Amino acid sequence: LEDKDKGIVERESKWTGQIKGFNLFPSGTAKGHGNSVIFKNGISISNWQGIFTTEKRLEISFIGKDVSKDGKFYVLRTFFTDDRELDWINGLVCLLDGKHDPQSNSFVCSGYRLM
């Protein structure tokens, strides 16, 4: 959806990402979807949700918000699961920062535990 008068574009997207775990945080595959609002100044604000499936096939839900401009982005993400093995992750808040790699047309980021 595009509002030319306001210079705003709205976009719905789906994505899949490979997650490389660190310490207790597991590795696996995340599949998400969400909506973005892209402003005429190039800033994009997005809302995401999805499922992260660990290498052990355990499922973790996530929700998050990101802001991006000029190929760089910052994400605030929270995780939830019913799995007892990963119950420590419930309510975990992470901040991710990253950038778009135009050569591979992929997004690469690092995450940091806030809580």
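**View 1. Ser27 reaches a backbone nitrogen with its side chain.** In this predicted model, a polar atom of the Ser27 side chain sits 2.8 Å from the backbone nitrogen of Gly21. Ser27 belongs to the loop that joins strand S2 (8–19) to strand S3 (28–38). Setting aside neighbours within four places in sequence, Ser27 is in contact with Ile19, Lys20 and Gly21, and also with Phe52, Thr53, Thr54 and Glu55.

**View 2. Trp15 meets Trp48 edge-to-face.** The aromatic pairs here come to four. In this one, the ring centres of Trp15 and Trp48 are 6.1 Å apart and the planes stand at 85°, so we call it edge-to-face. Trp15 is in strand S2 and Trp48 in strand S4 (residues 44–54), so the pair ties together parts that lie 33 residues apart in sequence. Trp48 is buried, at 12% relative accessible area, while Trp15, at 24%, counts as partly exposed. Add Phe62 to Trp15 and Trp48 and you have one aromatic cluster.

**View 3. Phe25 and Phe79 make another edge-to-face pair.** Centre to centre, the Phe25 and Phe79 rings are 5.4 Å apart, with 70° between their planes. Phe25 comes from the loop between S2 and S3, and Phe79 from strand S6 (residues 72–80), so this pair links parts of the chain 54 residues apart. Phe79 is buried, with just 6% relative accessibility.

**View 4. A nonpolar patch on the surface.** Tyr74, Leu76, Leu95, Tyr112 and Leu114 together make a patch of about 500 Å². One of them, Tyr112, is found in strand S8 (residues 106–113). Its 46% relative accessibility puts Tyr112 in the partly exposed class.

Conventions: Residues are numbered from 1 along each chain as its sequence is written. This is a predicted model: local features need pLDDT of at least 70, side-chain atom pairs count only at pLDDT 80 or more; totals for chains, interfaces and linings use all residues. Side-chain values use heavy atoms; hydrogens and water are left out. Patches are made of residues with over 30% relative accessible area and no salt bridge: like charges are joined within 9 Å, nonpolar side chains (Val, Leu, Ile, Met, Phe, Trp, Tyr) within 5 Å. Accessible areas come from the Shrake-Rupley method with a 1.4 Å probe; for residues, only the protein chains shown count as cover. A salt bridge is a side-chain nitrogen of Lys or Arg within 4 Å of a carboxyl oxygen of Asp or Glu. Helices (H or I, at least four residues) and strands (E, at least two) are DSSP runs, numbered from the N terminus. Buried means under 20% relative accessible area, exposed over 50%, partly exposed in between (1.4 Å probe, protein chains only). A polar contact is a pair of N or O atoms within 3.5 Å; within protein, one must be able to donate a hydrogen and the other to accept it, and residues adjacent in sequence count only if both atoms are side-chain atoms. Contact means heavy atoms within 4.5 Å. Rings of Phe, Tyr and Trp (its six-membered ring) pair if their centres lie within 6.5 Å; planes under 30 degrees apart count as stacked, over 60 as edge-to-face and the rest as tilted.
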